[in-house]
Amino acid sequence: MIIAEQICLNRNGTQILDDITLSVPSGKVIAVVGPNGAGKSSLLSILSGSIPPDLGTVQLDGIEMQNWSPAILSARRAVLSQNIQLDFSFSCLEVVLLGRSAQNTNASSNAEVKIAEIALEKTDAVHLINRNYSSLSGGECQRVQLARVLAQINCFGSEIDHLNKFLLLDEPISSLDLKHQQKLLSTVRSAARRGVGVFVIIHDLNLACMFADEIYFLKRGALIEKGAPKQVLCPALVKDVFEVNVCIKPHPTRDCPHITLL
């Protein structure tokens, strides 16, 4: 489990995160929502160990993030950031294999290529395997990058290992069409069923309700509500966080709320 306690972050006199305590359990999907500037990406960076908080601690299985070696940590948690830039003429297979390089010095071995191929299949990108990454559309790049992080921690290996593993995803569906939004989130849900803990930043409240076990609401750097969608979601909360009026009714086919803008 990843546990963050009393996280605070200040940048140039602005409080980015204020006293946030949360956990990311194995086998669960935690969706984080909030308006632009709420501190979502900063929180993900702290949870991943990319940046330290000014106050508070982040632990993976009881050990603080900064005490994990980079190589071991890379096998336990994978991070998908926004706007990834890659200026080399790599094939899509080579991009996905970059995720395996910390675990295996021979990342081009048959076993490693098989892991990459499975990850590309899971993101509906296996047909891109030999394409030059720089020639892809934004949505295709997004799917290849998701395959990279799935391969990094080997989410869909033939055998489920006993290590707690985690995916930290920052707006992973931002460039995707409707079909691939559903495909990506279904893949994330499948990873959770295999024991992977998922922390995903998402803007679509309806998709968050459909695929997440819990939703965390951030506003101005503070965590103001969290819980299962059916338990916490109400028009007053959405109005407070997003400043819009909504109607919330049961989803017509799923056991979750459905939100309509008024």
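**Close-up views of a predicted model**

**View 1. Strand β7 and its partners.** L80 stands opposite L169 of β7. Strands and helices here are DSSP runs, numbered from the N terminus: a strand is E over at least two residues, a helix is H or I over at least four. The model is predicted, so local features need pLDDT of at least 70 and side-chain atom pairs count only at pLDDT 80 or more, while totals for chains, interfaces and linings use all residues. Residue numbers start from 1 along each chain as its sequence is written, and side-chain values use heavy atoms, with hydrogens and water left out.

Strand β6 (residues 77-80) runs parallel to β7, joined to β7 by 4 bridges. Two strands pair if DSSP finds at least two bridges between them. Strand β8 (residues 197-201) also pairs with β7 in the parallel sense, over 5 bridges. One bridge partner set in that pairing is D170 with I201 of β8. Helix α6 (residues 178-193) joins β7 and β8 in a right-handed β-α-β unit. Right-handed means that, with the strands pointing away from the viewer, the path from the first strand over the helix to the second runs clockwise.

**View 2. The two faces of β7.** Strand β7 spans residues 166-170, and 5 of its 5 residues are buried. Buried means under 20% relative accessible area, exposed means over 50%, and partly exposed lies in between (1.4 Å probe, protein chains only). In a regular strand the side chains alternate between the two faces of the sheet. On one side of β7 sit F166, L168 and D170; on the other sit L167 and L169. Both faces are covered.

**View 3. N164, ahead of β7.** N164 lies in the loop between α5 and β7. The residue is partly exposed, at 26% relative accessibility. Which residues does N164 contact beyond its neighbours within four places in sequence? They are M1, S26, D61 and R76. Contact means heavy atoms within 4.5 Å. The side chains of N164 and D61 share a polar contact of 3.2 Å. A polar contact is a pair of N or O atoms within 3.5 Å; within protein, one must be able to donate a hydrogen and the other to accept it, and residues adjacent in sequence count only if both atoms are side-chain atoms. The C-alpha atoms of N164 and V196 are 6.7 Å apart, although the two residues are separated by 32 places along the chain.

**View 4. D124 and its salt bridge to K179.** D124 lies in the loop between α4 (110-122) and α5 (138-152). Most residues other than glycine have a negative phi. D124 has a positive phi, near 55°. At 27% relative accessibility, D124 is partly exposed. D124 forms a salt bridge with K179, with the closest N and O atoms 3.8 Å apart. The pair links distant parts of the chain, with D124 in the α4–α5 loop and K179 in helix α6, 55 residues apart. A salt bridge is a side-chain nitrogen of Lys or Arg within 4 Å of a carboxyl oxygen of Asp or Glu. K179 is exposed, at 57% relative accessibility.

**View 5. Two further salt bridges.** How many salt bridges does this rule find? The count is 7. R131 pairs with E140, the closest N and O atoms being 3.9 Å apart. R131 is partly exposed at 34%, whereas E140 is buried at 18%. K230 and D255 also form a salt bridge, at 2.8 Å from N to O. This pair links distant parts of the chain: K230 is in helix α8 (residues 229-232), D255 in the loop between β11 (246-250) and β12 (257-261), 25 residues apart. K230 is exposed, with a relative accessible area of 55%. D255 is exposed too, at 64%.

**View 6. D19 in strand β2.** D19 is found in β2 (residues 14-24). D19 is not a glycine, yet has a positive phi of about 60°. With a relative accessible area of 46%, D19 is partly exposed.

**View 7. Cysteines without a disulfide.** A search of the whole structure finds 0 disulfides. A disulfide is counted as a pair of cysteine sulfur atoms within 2.5 Å. Why is C209 unbonded? The closest cysteine sulfur, in C256, is 5.8 Å from that of C209, too far for a bond. C209 is buried, with a relative accessible area of 4%. For C247, the closest cysteine sulfur is in C234, at 13 Å, again too far for a bond. C247 is partly exposed, at 26%.
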